[in-house]
Amino acid sequence: MLRKRALYGDMSRYTCCAGYMPCSGRCGESKCPEFCLCTEVFLCFGNSVASTRFLLQDEFNIQTTKCDNCIIGFMFCLQQIACIFSLVAMIVGSDEIQEASQILSCLADMVYCTVCACMQTQHKVEMDKRDGKFGPQPMAVPPVQQMSRIDQPVPPAAGYPPAAYGQPYPAQGYPPAAYPPPQYPPSGYSR
């Protein structure tokens with residue numbers, strides 16, 4: 001769905017792995033692009049997500065951030081460590097190392113799935129911005145809020161119109177003077 005949307009719904013523009021892999025253009029995509037895209041996603045999910053990412057980065061001239069590189073690098077390192085543990089367990093024949101290998105492999109798969117989900121969310125957000133599905137300011141930063149401290153005589157004006165200069169808030173006390181309301185408790189209520 002995301003790749004089709006990245007292509008503006010024009011599947012005649014589809015090539016396998018968005019043209020970024022050696023197989024691109026050699027899979028008969030022009031005859032049945034929807035089937036080829038479905039096959040790509042099913043058989044080469046990681047390449048499919050990465051190719052859509054590259055396609056959008058090229059279109060919008062977006063650089064991969066250092067944080068993205070760190071997360072992707074961590075994912076690759078974890079997969080490599082799991083592979084190394086698996087090879088060592090196979091050579092040595094140790095059940096403990098084999099179990100550690102399986103745990104690392106499971107952890108690497110969970111990180112991989114999480115990273116793919118995050119990438120696809122980024123894709124959707126970028127296409128929502130492109131297609132004008134956000135308002136004038138997409139994902140604007142909320143206004144700064146402050147908490148009042150016990151040693152402050154007047155709480156900050158967060159969320160309220162600021163008081164006039166030199167005019168503190170009126171002292172109310174607790175509970176307010178009109179508490180409880182006169183109609184409380186309701187008639188017929190007995191303690």
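Colleague: What does the accessible surface of the chain come to, and what share of it belongs to carbon and sulfur atoms?

Modeller: Accessible areas here come from the Shrake-Rupley method with a 1.4 Å probe, and for residues only the protein chains shown count as cover. For this chain the total is about 14500 Å², with 63% belonging to carbon and sulfur atoms. One caution early on: this is a predicted model, where local features need pLDDT of at least 70 and side-chain atom pairs count only at pLDDT 80 or more, while totals for chains, interfaces and linings use all residues. Residues are numbered from 1 along each chain as its sequence is written, and side-chain values use heavy atoms, with hydrogens and water left out.

Colleague: Got it. How many helices and strands does the chain have?

Modeller: Helices (H or I, at least four residues) and strands (E, at least two) are DSSP runs, numbered from the N terminus. This chain has five helices and zero strands, so to speak an α-α-α-α-α order from the N terminus on.

Colleague: And what percentage of the residues is buried?

Modeller: Buried means under 20% relative accessible area, exposed means over 50%, and partly exposed is in between (1.4 Å probe, protein chains only). Of the 191 residues in the chain, 23% are buried.

Colleague: How do I read the contacts in the chain?

Modeller: A contact is a pair with heavy atoms within 4.5 Å. Taking contacts with a separation of 6 or more, 54% are between residues 24 or more positions apart.

Colleague: Let's zoom in on helix 3. What span should its residues have, and what do the end C-alpha atoms give?

Modeller: The expected span of a helix is 1.5 Å times one less than its number of residues. Helix 3 covers residues 45-60, so its 16 residues should span 22 Å; the end C-alpha atoms are 23 Å apart, which agrees.

Colleague: Which helices do its buried residues pack against?

Modeller: Helix 1 (2-6), helix 2 (33-43), helix 4 (66-92) and helix 5 (95-130). The buried residues of helix 3 include Val49, Thr52, Arg53 and Leu56. You can see that packing from the other side at histidine 123, which lies in helix 5. Histidine 123 is buried, with a relative accessible area of 4%. Leaving aside neighbours within four places in sequence, histidine 123 is in contact with Leu2, Val49, Thr52, Arg53 and Leu56.

Colleague: Which residue follows helix 3, and what is the sign of its phi?

Modeller: Start with the general idea: most residues other than glycine have a negative phi. Asparagine 61 follows helix 3 and has a positive phi, near 55°. Asparagine 61 sits in the loop between helix 3 and helix 4, and is exposed at a relative accessible area of 65%. Alanine 18 also has a positive phi, near 55°. Alanine 18 is in the loop between helix 1 and helix 2, but counts as buried at 17% relative accessibility.

Colleague: Now salt bridges. How many does a search of the whole structure find?

Modeller: A salt bridge is a side-chain nitrogen of Lys or Arg within 4 Å of a carboxyl oxygen of Asp or Glu. The search finds eight. One of them joins the side chains of aspartate 128 and arginine 5, at 2.5 Å from N to O. Aspartate 128 lies in helix 5 and arginine 5 in helix 1, so the pair ties together parts that are 123 residues apart in sequence. Both residues are buried.

Colleague: Which residue does glutamate 59 form a salt bridge with?

Modeller: Arginine 130, with the closest N and O atoms 3.5 Å apart. Glutamate 59 is in helix 3 and arginine 130 in helix 5, so this pair ties together parts 71 residues apart in sequence. Glutamate 59 is partly exposed, with a relative accessible area of 33%. Arginine 130 also meets aspartate 131 in a salt bridge (2.9 Å, N to O). Salt bridges that share partners join Arg5, Glu59, Lys124, Asp128, Arg130 and Asp131 into one network.

Colleague: Last one: which residues does the UniProt "transmembrane region" annotation cover?

Modeller: UniProt positions are given in the numbering used here, feature names are shortened, and annotations may be inferred rather than shown by experiment. The unreviewed entry places the region at residues 70-92. Over that stretch the chain is 100% helix and 0% strand, and the end C-alpha atoms are 32 Å apart.
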